[in-house]
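User: Could you take a close look at one part of this model for me? I'd like to hear about the aromatic residues and what lies around them.

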Amino acid sequence: RKYFLAREDTMKLFPGMVDLLSSLKEKHLLAVATGKSRRGLDRALDAGGLRQYFAASRCADETHPKPHPAMLLELMDELSLSSSQLLMIGDTSHDLEMARAAGVDSLGVTYGAHREEGLRACSPLNCFSSVAQLHEWLKTNA
């Protein structure tokens with residue numbers, strides 16, 4: 001936690017992320033399910049100018065932590081969506097295990113915390129090594 005907080009101000013979004021979020025927001029409701037605390041997520045959203053993209057969020061200090069499905073189940077309820085209307089995009093096996101437990105399809109991204117092998121073991125629809133690859137897949141499939 002100390003390591004992250006000491007470097008928080010220098011962290012940048014992955015290249016192409018703002019374009020991806022803008023594109024997705026035009027057609028979809030976006031939400032965040034994170035292991036961060038509410039305070040940490042609020043800081044991150046404000047620092048990145050990202051708050052405008054998300055309709056809802058759940059944090060680890062508000063409900064059961066991942067991989068328990070509560071975050072996704074609560075978001076589905078809040079947004080009046082079914083599991084078939086959701087897609088979880090995550091960079092950890094905890095994200096993808098949470099999606100599976102909630103009956104939600106998932107995609108893995110390998111440019112985050114966990115390696116591809118660990119993500120693929122959770123049976124996502126696919127894994128991507130860049131924001132650009134993810135964006136192209138979503139243009140066709142989301």
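Analyst: Tyr111 counts as buried, since its relative accessibility is 17% and the cut-off for buried is under 20%. Bear in mind that this is a predicted model. Phe14 is a bit more of an in-between case: with a relative accessible area of 42%, Phe14 is partly exposed.

Those two residues belong together, as it turns out. Searching the whole structure gives two aromatic pairs, and Phe14 with Tyr111 is one of them, an edge-to-face pair with 4.8 Å from centre to centre and 70 degrees between the planes. What the pair does along the chain is link distant parts: Phe14 sits in the loop between α1 (2–7) and α2 (17–27), Tyr111 in the loop between β4 and α6 (116–120), and 97 residues separate them.

The other pair is Phe128 with Trp137. Here the ring centres are 6.0 Å apart and the planes stand at 55 degrees, so this pair is tilted. As for accessibility, Phe128 and Trp137 are both buried.

Now for the strands. β4 covers residues 105–109 and belongs to an open sheet of three strands, ordered β3-β4-β5, with parallel pairing. The edges are taken by β3 (87–90) and β5 (126–128), and each has a single partner strand, so one side of each has no neighbour in the sheet. On average, neighbouring strands here are turned by 25 degrees against each other, ignoring direction. If you zoom in on β3 and β4, you'll find four bridges joining them, and Ile89 sits opposite Leu107 of β4. Phe128 from the tilted pair falls within the range of β5 (126–128).

On to the helices. Trp137, the partner of Phe128, falls within the range of α7, residues 131–141. That helix packs with α2 at an angle of about 15 degrees, and the two axes are 10 Å apart. At that angle α2 counts as roughly parallel to α7, and the crossing of the two is left-handed. Who makes the contact? From α2 it's Met17, Asp19, Leu20, Ser23 and Leu24, and from α7 it's Val131, Leu134, His135 and Leu138.

To pull the aromatics together: the edge-to-face pair is Phe14 with Tyr111, where Phe14 is partly exposed and Tyr111 is buried, while the tilted pair is Phe128 with Trp137, with both residues buried.

Terms used:
Residues numbered from 1 in each chain as written. Predicted model: local features only at pLDDT ≥ 70, side-chain atom pairs only at ≥ 80, totals over all residues. Heavy atoms only, no water. Pairing = 2+ DSSP bridges. Axes fitted to C-alpha atoms, helices over the stretch in contact; angles between N-to-C directions. Phe/Tyr/Trp six-rings, centres within 6.5 Å; stacked < 30°, edge-to-face > 60°. Buried < 20%, exposed > 50% of the residue type's maximum accessible area, 1.4 Å probe, protein only. Parallel < 35°, antiparallel > 145°, perpendicular 65-115°, else oblique. Left-handed = near helix turned anticlockwise from the far one by under 90°. Contact = heavy atoms within 4.5 Å.
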